[in-house]
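I sat down with a fresh page and a model to explore. My plan was to look at pockets, then sheets, then the core, and to jot down what I found.

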Amino acid sequence: MEIGKLPNELLESLVLNSIKNKRKDVITRGAVGEDCAVVDFGKYACVLSTDPITGAAKNIGKLAIHISANDIASNGAEPIGILLTILAPPDTKEEEIKEIMKDATDVANELNIEIIGGHTEITSAVNKVVINSTAIGKQLKEKVLDASKVKEGYKVILTKKIAIEGTSIIAHDLEERLKKDIDDELINEAKTLIEDISVVKEGMIAGEIGVDYMHDITEGGLFGAIHEASSAINKGIRIYKDKIKLEKSTEVICDKLNIDPYRLIASGSLIIITEDKNADLLLDKFKKESIEANIIGEVINSGVFMDQEKINPPESDELYKVVK
């Protein structure tokens with residue numbers, strides 16, 4: 001099997017379809033295109049998400065907090081706590097664990113999230129450090145998103161530029177290789193993109209305004225996320241290439257490494273689907289908060305397209321072609 005997330009078809013047939021027991025107090029459960037599970041806690045809903053960090057070698061403590069917090073925020077909920085599981089190979093130094101935890105706690109403090117527990121283990125089962133983070137959030141039950149409400153003609157909004165996480169990971173992990181062809185200034189610009197991978201602020205703003213669907217763009221990049229969103233809303237999506245923006249460093253690095261930025265892991269960008277009146281209100285609010293965002297497409301009856309060209313379902317993320 002290819003490295004990376006299971007393809008959506010296999011995820012459904014091998015994993016999701018194996019889960020038989022369904023409880024009435026689960027509002028939203030595991031599904032393609034759903035970032036979180038949501039559990040009924042009376043007035044409030046408990047929002048949960050879990051994710052590993054496997055594609056990066058550096059900044060993994062920072063990434064672990066951001067990735068899970070983003071998932072909670074993509075449900076319009078406030079992230080409250082995170083459980084961290086760290087699995088490290090026998091040759092790991094104490095200083096490495098210390099650095100991971102410093103990075104993780106710095107980001108958690110920034111986002112007002114508490115690291116409430118977890119597990120740390122040295123094991124020969126892994127050949128590099130693997131972190132899994134489980135985030136917990138809460139929101140009023142009436143604010144829980146409902147993808148089934150999305151209708152044809154609804155607008156698709158994208159925040160920030162795409163592939164900023166993948167660009168930053170590559171710049172950090174392959175810096176020496178990139179220096180042969182790319183100037184230091186551009187590489188440094190790419191490395192700083194890690195500071196832009198949180199979508200907590202925009203997710204909570206959209207949740208307050210009241211949108212119908214959001215999806216954090218992770219493995220598989222924009223194209224993967226659009227396919228997952230289409231599955232979640234049970235409708236088609238058409239996006240327009242001229243509306244989608246790339247950082248200069250993303251363009252240059254992807255060109256040099258011959259990888260597709262539209263299929264490169266892209267935490268830091270959020271897809272939001274909502275009706276026209278909310279779209280205008282949301283873009284206005286984002287502008288006031290200095291959050292870059294624009295309408296990149298709309299919901300259609302069926303199919304997933306960029307302009308008139310059909311987008312194929314996601315395969316292994318482009319990151320794994322260059323970072324082992």
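**Entry 1: the pocket**

I began with the largest pocket and got a volume of about 1000 Å³. A reminder to myself: this is a predicted model.

Next I asked which residues sit closest to the centre of that pocket. Of the 50 that line the pocket, they are Lys5, Thr50, Asp51, Pro52 and Thr218.

I then sorted the lining by class and noted 23 nonpolar, 13 polar and 14 charged residues.

Which element gives the most to this lining? I found that S3 does, with 6 residues. Strand S3 covers 44-53, and among the others that each supply at least two lining residues are helix H1 (8-15), helix H4 (164-173), strand S8 (213-216) and helix H11 (319-322). I also put H2 on that list.

**Entry 2: strands around S3**

Since S3 had come up, I looked up its pairing. S3 and strand S6 (residues 130-140) run antiparallel and share 10 bridges. Aspartate 51, which I had already met close to the pocket centre, has serine 133 in S6 as its bridge partner.

S6 also pairs with strand S4 (residues 78-88), again antiparallel, through 9 bridges. Here I noted glycine 81 opposite isoleucine 136 of S6.

**Entry 3: the open sheet**

My next stop was an open sheet of 7 strands with mixed pairing. I wrote down the order as S8-S10-S7-S11-S9-S12-S13. Which strands are at the edges? They are S8 and strand S13 (309-310), each pairing on one side only. S8 is also one of the elements that supply the pocket lining.

Inside the sheet I checked strand S7 (residues 155-159) against strand S11 (residues 293-300) and found 5 bridges in an antiparallel arrangement. Leucine 158 has asparagine 294 in S11 as its bridge partner.

**Entry 4: the core**

Last, I turned to the nonpolar cores. The largest has 81 residues, and Ile170, Leu222, Ile239, Ile244 and Ile273 have the most contacts inside it. Helix H2 (residues 60-73) contributes the largest share of this core, 8 residues.

There is also a second, separate core of 13 residues, and I noted Val199, Ile205, Met214 and Ala279 as members.

I picked isoleucine 273 for a closer look. What does this residue touch, leaving aside neighbours within four places in sequence? Its contacts include Val150, Tyr154, Val156, Val211, Ile233, Ile237 and Val299. Lys155, Asp212 and Tyr213 are in contact with isoleucine 273 too.

How values were computed
Residues numbered from 1 in each chain as written. Predicted model: local features only at pLDDT ≥ 70, side-chain atom pairs only at ≥ 80, totals over all residues. Heavy atoms only, no water. Core = buried A, V, L, I, M, F, W, Y, C linked by side-chain atoms within 4.5 Å. Buried < 20%, exposed > 50% of the residue type's maximum accessible area, 1.4 Å probe, protein only. Helix = DSSP H or I, 4+ residues; strand = E, 2+ residues; numbered from the N terminus. Contact = heavy atoms within 4.5 Å. 1 Å grid on protein atoms, 1.4 Å probe; cavity = no way out; pocket = protein on both sides within 12 Å on 5 of 7 lines; lining within 4 Å. Points joined across faces, edges and corners; volume = space filled by probe spheres on them. Nonpolar A, V, L, I, M, F, W, Y, C, P; charged D, E, K, R; others polar. Pairing = 2+ DSSP bridges.
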